[in-house]
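Welcome, and thanks for joining this tour. Please open your viewer, and keep the selection box at hand as we go from stop to stop.

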Amino acid sequence: MLFLLACALSAVNFVAAVEDTRFEVTGGNRIAGDGRIVGGSPASDGQWPWQVAIYTSLSQENYTFTCGGSLISKNYVLSAAHCFNRPNITGILLRIGVHGLTNPSSNTVERYTNSYRIHEDYNASTYKTDVSLIYFNDIVTYNSYIQPISLPAATVTVSGGESCVISGFGETNGTGQSIAQLRYANVDIIDTTTCNNWYSADNITVTNDQICAGFEAGGIDTCQGDSGGPLACRVSNSSDSPYVIQGITSFGVGCALARRPGVYTSIQSYVDWIVQHTISETGERIPLISDPGNGAMYHGLAVYSWLWLLGLHRCVQLIVE
Ligand code: 4AZ
């Protein structure tokens, strides 16, 4: 009888969980204002509050700017695997709430860590599975300049022609230098078939776990130094709709060339990996947004339902015994 009561209670609990607002889209909202990026514009401070500047050190003290990243929770940054694919990294410095590379403002917080994870399937010669996670212990506080960006559930489809934004401290004009102030630009998603037609001359095959973004004519693109940073798309066409991270800046042939768009790791292909490695290390669940067209059914619920089913299974077992 006691077990039956416990089971009934857990069922009530589950219903409560379905209405749990923790699964709402909490990330991707800009509070203030409205890389190296070719053809973009300077960002205002707080415009892309999930942008992180990543520095690495090969000795104990000397940190050099390496890549961009995206804040996805209070203690995780998402980036590219190729940013960390070298031996002897002794430390990572993250600048969060970052606007200028050289003289961080009072809005910028720094976190030092050496806890990073490269996806086990990352292939350094093809750049497939170019995804990594960086963990830091001392959580950040969200404010106008520091906000996480939400992850999309695996079921969301990114359609061609959608306008998305790239941001970073990377190359703007072929000098090979990273720049002082964050820049951004809008880009279109290019469907994979078209992208492969353009890239076939370079013997590059883009697969479904990658997204091409840019323009047929070129002119606007990510470039050296923007790697690891976000390709963020609005949830809907509405101008107050939050952003979701769809891609990680990965590679391209040159920068901003005609018919050579930037190639981004598709987050949706790796969302399960991201969730798995962020839950297991902290117990924190990162909210995911699912297809906005289908209403507010959040992927995180699946994890919850699964746990509940396990509980129910155990209840039934106990009753049977
Ligand atoms: C890079 O070297 C890089 N045009 C990043 C993005 C692109 C090219 C190069 C895409 O980090």
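Why is strand β3 (residues 51-57) largely enclosed by the rest of the structure? Select those residues and look around them: five of the seven are buried, so the strand is largely enclosed. Keep in mind throughout that this is a predicted model.

**Around β3**

Keep β3 selected and add strand β4 (residues 63-71). The two strands pair in the antiparallel sense, with seven bridges between them. Together they make a hairpin, and five residues lie between the strands. Now add strand β6 (residues 91-96), which also pairs with β3 in the antiparallel sense, this time over six bridges.

A good residue to click here is S57. Its bridge partner in β4 is Y63, and its bridge partner in β6 is G91.

**Zooming out**

Before the next stop, show the whole chain as a cartoon. You can look for four helices and 18 strands. The chain has 321 residues, and 42% of them count as buried.

**On to β12**

Next, select strand β12, residues 183-190. Is this strand mostly covered or mostly uncovered? Mostly covered: six of its eight residues are buried.

Bring in its pairing partners one at a time:

- Strand β11 (residues 163-168) runs antiparallel to β12, and six bridges join them. Click C164 to find it standing opposite V187 of β12.
- Strand β13 (residues 210-214) pairs with β12 in the antiparallel sense over three bridges. From D188, go across to its bridge partner in β13, G214.
- Strand β2 (residues 41-42) pairs with β12 in the antiparallel sense too, over two bridges. Here S41 has Y184 of β12 as its bridge partner.

**Into the core**

Stay in this area and select A213. In soluble globular proteins, nonpolar side chains tend to be buried together. The largest nonpolar core of this model has 69 residues, and A213 and A232 are the ones that touch the most other members.

What is A213 in contact with, once its neighbours within four places in sequence are left aside? Select C164, V187, D188, I189, I190, L231, G247, P261, G262 and Y264 to see those contacts. You have already met C164 and V187 as residues that stand opposite each other.

**The ligand**

Now centre the view on the ligand and show the residues that surround it: D221, T222, C223, Q224, D226, S227, T249, F251, G252, C255 and G262. The elements that give two or more residues to this shell are β14 (221-222) and β16 (243-251). Colour the shell by class and you should find three nonpolar, six polar and two charged residues. G262 is worth a second click, as it belongs to the ligand's surroundings and is also in contact with A213.

**Two loop residues with positive phi**

Last, visit two backbone spots. Start with T129, in the loop between β8 (115-118) and β9 (132-135). Its phi is positive, about 60°, although T129 is not a glycine. T129 counts as buried because it has 21 C-beta neighbours inside 10 Å, and the cut-off for buried is 20 or more.

Then select R259, in the loop between β16 and β17 (262-266). R259 is not a glycine either, yet its phi is positive at about 55°. Is R259 buried or partly exposed? With 17 C-beta neighbours inside 10 Å, R259 counts as partly exposed.

Terms used:
Residues are numbered from 1 along each chain as its sequence is written. This is a predicted model: local features need pLDDT of at least 70, side-chain atom pairs count only at pLDDT 80 or more; totals for chains, interfaces and linings use all residues. A residue is near a molecule or strand if its C-beta atom, placed from the backbone, lies within 6 Å of it. Ala, Val, Leu, Ile, Met, Phe, Trp, Tyr, Cys and Pro count as nonpolar, Asp, Glu, Lys and Arg as charged, and the others, Gly among them, as polar. A nonpolar core is a set of buried Ala, Val, Leu, Ile, Met, Phe, Trp, Tyr and Cys residues joined through C-beta atoms within 7 Å. A residue is buried if 20 or more other C-beta atoms lie within 10 Å of its own, exposed if 12 or fewer, and partly exposed in between; C-beta atoms are placed from the backbone. Two residues are in contact if their C-beta atoms, placed from the backbone, lie within 7 Å. Two strands pair if DSSP finds at least two bridges between them.
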